[in-house]
Structure formats: C-alpha cells, structure tokens
Amino acid sequence: VTPSMRSLTAEEYVEAFKSFLDHSTEHQCMDEFNKEEMPNIMAGLGNGKSAINVLGVGSGTGEQDLKMIRILQAAHPGVFIDNEIVEPNPQHVAAYKELVNQAPDLQNVSFIWHQLTSSDYEQQVKDKGAHKKFDFIHMIQMLYRVEDILNTIKFFHSCLDHHGKLLIIILSDSSGWASLWKKYRHCLPSTDSGHYVTSNGITNILKRLGVEYHIYEYPSGWDITECFIEGDPVGARMLDFLTGTKNFLGTAPPGLRQRLQEALCQPECSSKKDGRIIFNNNLSMIVVES
C-alpha cells in the first residue's frame, strides 16, 4: 500500500528549504538587491531619530535580517537599532539567536524574538491596544503562508512610523513558480496549504489599499537537475520543497509525478544551461511607503 500524501511539517520544511538554498541563487539575488538598492532605501529611514525600530516578519534563521541590519548600521553610524523578530519556527529562532551570539559587530542592536505566526503577533498587538511604530518592516518570502494576505499587509503597513518603509520580497510573475501555479496547478498535490501568490497579486492589493510602492525585479535560478535523476536523494528533497509534500516521490501517483516533471521542463518554468536544468526563481522586491 502506498502511504498517502501529506504536507511537510515545520521541521521537514526546514530540511527541504535548506536543499533549495544550497542549489539556488535566492540569497545571491537578495545580496544583489542589498548592494544596489538597500543603502539608498536605508538612508531615508529614521529621520534623524536616535533609535531606529525594525521589525522582521517571518525572518527564518536571520541571515538576510542581519545583512540588512548591517546596511542600516552603515547608513546611520552610531544610531541604536531596536530589532524585533516574528518567527514561528523554534528551530529557526534558535539558529537566528546563535548567529547573533557569534556576531561581534552588533553592539548597538537590541533583539527581541516573538516565536509567533504573523497573525498571532497581530492579535497580540491588537489585544494590548498599544501600537509600537516601526521605521522599517520586512516580509521576505513569507506571504505564501498567511491566511489573509490583504489584511496582513494592511496591519503591518499600519505599524509603520512616518517616513517608514515596508519591504515585501515575493516570487516574480516572470518566475517558473508563477506558471507552475497558474498553468500546471493540476500537477501539484492538493496537500499544501500555502497560497500561490506572486508579485502581481501583491501589487494589486497595494493598489486596493491606495499606498505608494516601488518594485524591483531581480533574476534568480534554481538548479533542479537532480529532480530528474532516478533515486537521487537531493532531487527527492527538491521535489518535496517544490510540492510542499513529504516524500512526494514515494507517495504521489506515478501519473502525477510524470506530469510534474514534464511541467518543470517547460520553457515557461525552466531553461537548460550547460546540460543543467535551471528553474526560474526570479524575485520581486516591493518597497512600500508609509
């Protein structure tokens, strides 16, 4: 009897995500954005205040957060940075704390972790009735996992101080994910509870909310060649990440497996380079004004 398909648990997701990062240029793509655009974005924050408040929503293990904190430090030397983090995964929180412990250059930064989902955090803030305001809020690759995207954006936008900025990083509509979700949804198992949302979905919401934003597009690729090698453990983990399913290869009906692998090879999803299959993982960086 074939075991039935089920979604990844939080721990399994961490494992699958790691294999994705190891084989994609996701972080290099964010580094590119950090280098080209972030110094300018950061320079306009804080408006001469002695402390700058930052909130990371769904910060994961903190690598990207700390890169942005360092850009902020460079843009505002000597200014105190009050950094709060909302992250539900206990393993991620532990890894983030470890990263901070090993960093000697963060003396003027304070850290508060809330091990909560964004909606639990929102509820907590509303229950308290006190609204702390932030100069910079970022939501990196996390809106796929929230129940109500419009109200989540609306709430965190309301947490911005004057001249504050909200950064949303999300998959681009030019990415392979977008066509996989739109065109080949029938190739994906129905176990995953995530939202299939890309940059257009977010900008439509921002237009509805009547807020001003700028969008930056950055190319990124993910080498998925191993997905097509029979019995390859790395490929198996990649397919788990792609589908949000535990042991996709072992539990998916053969027809579904075949359809997914065929879809992944389509030009709107991936391209061939030096004999490797590179899935298009383009990102949109959306900077929303307060």
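The following paragraphs describe how some helices of this structure pack together and which residues line two of its empty spaces. The model is a predicted one.

A convenient starting point is helix 1, which spans residues 10-23. Its partner here is helix 10, covering residues 233-243. The two helices pack at an angle of about 110°, and their axes lie 8 Å apart. Angles of 65 to 115 degrees count as roughly perpendicular. Helix 1 and helix 10 are therefore roughly perpendicular to each other. The crossing of helix 1 past helix 10 is left-handed. On the side of helix 1, the residues that take part are Tyr13, Glu15, Ala16, Phe17, Ser19, Phe20 and His23, and they meet Val234, Arg237, Met238 and Phe241 of helix 10. Sorted by class, this contact contains seven nonpolar, two polar and two charged residues.

Helix 10 also leads to an open space in the structure. Together with helix 12, which runs over residues 254-265, helix 10 is an element that supplies at least two residues to the lining of the second largest pocket. This pocket holds about 150 Å³ of space. Its lining consists of 14 residues, and those nearest the centre are Cys227, Glu230, Leu249, Arg257 and Gln261. The greatest contribution to the lining comes from helix 12, with four residues. In terms of class, seven residues of the lining are nonpolar, four are polar and three are charged.

Attention may now turn to helix 4, which comprises residues 63-75. One of its neighbours is helix 2, formed by residues 26-36; the pair packs at an angle of about 15°, with 11 Å between the axes. Because angles under 35 degrees count as roughly parallel, helix 2 is described as roughly parallel to helix 4. Helix 2 passes helix 4 in a crossing that is right-handed. From helix 2, the residues His27, Met30, Asp31 and Asn34 make the contact, while helix 4 contributes Gln64, Lys67, Met68 and Ile71. Three of the residues in this contact are nonpolar, three are polar and two are charged.

Helix 4 also packs against helix 5, which extends over residues 90-101. Here the angle is about 35°, and the axes are 10 Å apart. Glu63, Asp65 and Leu66 of helix 4 are in contact with Tyr96, Leu99 and Val100 of helix 5. This contact has four nonpolar and two charged residues, but no polar ones.

Finally, helix 4 takes part in enclosing an internal space. How many cavities of 30 Å³ or more does the structure hold? There is one cavity of that size. The largest cavity contains about 30 Å³ of space. Around it stand Met42, Val54, Asp65, Met68, Ile69, Leu72, Phe136 and His138. Which elements each supply at least two residues of this lining? They are helix 4 and strand 4, the latter covering residues 134-140. Helix 4 gives the most, with four residues. By class, the lining has six nonpolar residues, one polar residue and one charged residue. Two of the lining residues have already appeared above: Met68 belongs to the contact of helix 4 with helix 2, and Asp65 belongs to the contact of helix 4 with helix 5.

Note on methods: Residues numbered from 1 in each chain as written. Predicted model: local features only at pLDDT ≥ 70, side-chain atom pairs only at ≥ 80, totals over all residues. Heavy atoms only, no water. Axes fitted to C-alpha atoms, helices over the stretch in contact; angles between N-to-C directions. Parallel < 35°, antiparallel > 145°, perpendicular 65-115°, else oblique. Left-handed = near helix turned anticlockwise from the far one by under 90°. Contact = heavy atoms within 4.5 Å. Nonpolar A, V, L, I, M, F, W, Y, C, P; charged D, E, K, R; others polar. 1 Å grid on protein atoms, 1.4 Å probe; cavity = no way out; pocket = protein on both sides within 12 Å on 5 of 7 lines; lining within 4 Å. Points joined across faces, edges and corners; volume = space filled by probe spheres on them.
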